[in-house]
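Biologist: I am new to this structure and would like to go through it with you. Could you bring it up, please?

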Amino acid sequence: MKKWMISIIVSVLAIMALPQEIYADEQADFDAFMEEEFKASMEADYTNLHFTLKDYQSRGIQKPEI
């Protein structure tokens, strides 16, 4: 292989590895945000809760009134 091709491959692999380390905190924040949004949407709609989750209490979700 040519040297420039190897350097391009190494550069691409290095760039692909960066986001995992750099954005770990942001990913954790986003996951927490999505969990709260999911809980809020399930607590707001009885039908969605009934058909989406079997054990809603294990997720800390309150059952809404019908």
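Modeller: Certainly; please keep in mind that this is a predicted model. A good place to begin is the largest nonpolar core, which consists of five residues: Met 42, Leu 49, Leu 53, Tyr 56 and Ile 61.

Biologist: What is Leu 49 in contact with, leaving aside its neighbours within four places in sequence?

Modeller: Leu 49 touches Met 42, Tyr 56 and Ile 61, and in addition Gln 62, Lys 63 and Pro 64. Met 42, Tyr 56 and Ile 61 are also members of that core.

Biologist: How much of the protein is buried?

Modeller: Buried residues account for 9% of the 66 residues.

Biologist: Let us turn to the fold. How many helices and strands are there?

Modeller: The protein has three helices and zero strands. Along the sequence the pattern reads α-α-α.

Biologist: And what is the radius of gyration beside that of a compact globule?

Modeller: The protein has a radius of gyration of 21 Å, whereas a compact globule of 66 residues would have one near 11 Å. Its C-alpha atoms fill a box of roughly 70 × 20 × 15 Å along the principal axes.

Biologist: What share of the contacts with a separation of 6 or more joins residues 24 or more positions apart?

Modeller: Such pairs make up 3% of those contacts.

Biologist: How many salt bridges does the structure hold?

Modeller: It holds one salt bridge. Arg 59 pairs with Glu 35, and their closest N and O atoms are 3.2 Å apart. This pair links distant parts of the chain, 24 residues apart: Glu 35 lies in helix α2 (residues 24–44), and Arg 59 in the segment after α3 (46–52).

Biologist: Are those two residues buried, partly exposed or exposed?

Modeller: Arg 59 is partly exposed, at 32% relative accessible area. Glu 35 is also partly exposed, at 27%.

Biologist: Changing topic to the surface, which residues form a nonpolar patch there?

Modeller: The patch is formed by Trp 4, Met 5, Ile 8, Ile 9, Val 12, Leu 13 and Met 16, which together have about 700 Å² of accessible area. Among them, Ile 8 is found in helix α1 (residues 3–22).

Biologist: Why does Ile 8 count as partly exposed?

Modeller: Ile 8 counts as partly exposed because its relative accessibility is 45%, and partly exposed lies between the cut-offs of 20% and 50%.

Biologist: Lastly, what is the accessible surface of the whole protein?

Modeller: It comes to about 5900 Å², and 60% of that belongs to carbon and sulfur atoms.

How values were computed: Residues numbered from 1 in each chain as written. Predicted model: local features only at pLDDT ≥ 70, side-chain atom pairs only at ≥ 80, totals over all residues. Heavy atoms only, no water. Salt bridge = Lys/Arg side-chain N within 4 Å of Asp/Glu carboxyl O. Helix = DSSP H or I, 4+ residues; strand = E, 2+ residues; numbered from the N terminus. Buried < 20%, exposed > 50% of the residue type's maximum accessible area, 1.4 Å probe, protein only. Patch = residues over 30% accessible without salt bridge, like charges linked within 9 Å, V, L, I, M, F, W, Y side chains within 5 Å. Areas by Shrake-Rupley, 256 points an atom, 1.4 Å probe, with all protein chains shown as cover. Rg over C-alpha atoms; globule rule 2.2 N^0.38 Å. Contact = heavy atoms within 4.5 Å. Core = buried A, V, L, I, M, F, W, Y, C linked by side-chain atoms within 4.5 Å.
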